[in-house]
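Hello,

I am handing over the structure below, and I would be glad if you kept it open while you read the notes that follow it.

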Amino acid sequence: MTSFHIFKSIFNSSFEFYGLSEWLLEIMPDNVDINRCKINRSHHGWIFRRHNARSKFICMNCMKSQIQLHKEKLKINTWTSVYTTILFRARLDKSFNGQNIGRIQMRIFEQGCHTCNIYSIGILDENEIKRTFYWLYIWILETFYNVKFIDNELEDICIQSKGYNRRQLPHDSSRCDGCRAGWCKYLYRCKNKNSLKRHTVMSI
Ligand SMILES: [Zn+2]
Ligand SMILES: [Zn+2]
């Protein structure tokens with residue numbers, strides 16, 4: 001999995017560059033109920049939003065067992081998923097001296113290995129993390145600063161912008177925590193199939 005420190009450091013530099021340095025990134029606590037059916041748009045001041053990204057999974061459990069068996073040819077179980085679900089929730093508060101303090105919490109949903117069924121989090125490369133935070137920046141502007149955009153279907157554009165040669169299996173919904181919680185884009189793919197839209201900034 002990609003370490004949270006890497007996310008945080010790219011987030012900090014990106015949001016400073018965007019002029020939103022009052023926003024902080026945190027890991028979403030485990031006790032947050034993230035089942036989509038149970039979350040209203042605003043939940044104790046938190047606003048939730050799902051982002052769909054691409055990541056590579058390496059099953060460490062399969063890798064370990066292969067090493068233990070002393071196999072000459074190490075077969076590492078890896079797969080790439082274009083349905084990697086990241087859930088964000090954000091809140092903007094005023095501090096005691098009247099300054100804005102924004103908090104963003106994130107959680108990346110795990111997927112299960114089709115060989116051993118052990119769950120893990122995918123690895124996002126640096127460009128994918130930057131794209132994710134650019135999308136997050138657009139969403140924060142729209143949600144908390146009333147900036148209007150024509151469309152924010154950035155994620156579709158990101159996913160289709162590059163070919164991928166690595167091994168891609170069909171998305172296994174039964175081994176996807178994002179599907180289980182109702183957030184995975186895979187669940188909504190039919191509705192969106194014919195509606196790829198352009199993203200254009202109207203005003204800031
Ligand atoms: Zn495995
Ligand atoms: Zn899924």
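**What was found**

In this model, which is a predicted one, helix α1 (residues 4-17) and helix α3 (residues 126-144) have axes that come within 10 Å and cross at roughly 50°. Angles from 35 up to 65 degrees fall outside the parallel and perpendicular classes, and α1 and α3 are therefore oblique to each other. The crossing of these two helices, α1 and α3, is right-handed. On the side of α1, the residues that take part in the contact are Ile6, Phe7, Ile10, Phe11, Ser14 and Phe15, and in α3 they meet Glu126, Ile129, Lys130, Phe133, Leu136, Tyr137 and Ile140. Sorted by class, the contact of α1 with α3 is made up of 10 nonpolar residues, one polar residue and two charged residues.

There are also zinc ions to look at. For the zinc ion (ligand 1), the protein donors are the SG atoms of Cys59, Cys62, Cys113 and Cys116, which lie 2.2 to 2.3 Å from the ion, and their spacing in sequence is C-x2-C-x50-C-x2-C. The angles among the four donor atoms of ligand 1 run from 100 to 116°, and the site is tetrahedral.

For the zinc ion (ligand 2), the protein donors are His171, through NE2, together with Cys176, Cys179 and Cys184, each through SG, at 2.1 to 2.3 Å from the ion. Along the chain these donors follow the spacing H-x4-C-x2-C-x4-C, and the site of ligand 2 is tetrahedral, with angles of 105 to 117° among its four donor atoms.

Best wishes

How values were computed
Residues numbered from 1 in each chain as written. Chains lettered and ligands numbered in written order. Predicted model: local features only at pLDDT ≥ 70, side-chain atom pairs only at ≥ 80, totals over all residues. Heavy atoms only, no water. Axes fitted to C-alpha atoms, helices over the stretch in contact; angles between N-to-C directions. Helix = DSSP H or I, 4+ residues; strand = E, 2+ residues; numbered from the N terminus. Parallel < 35°, antiparallel > 145°, perpendicular 65-115°, else oblique. Left-handed = near helix turned anticlockwise from the far one by under 90°. Contact = heavy atoms within 4.5 Å. Nonpolar A, V, L, I, M, F, W, Y, C, P; charged D, E, K, R; others polar. Donors = N, O, S within 2.8 Å, 3.2 Å for Na, K, Ca; no water. Tetrahedral: all angles 85-135°; square planar, octahedral: opposite > 155°, others 65-115°.
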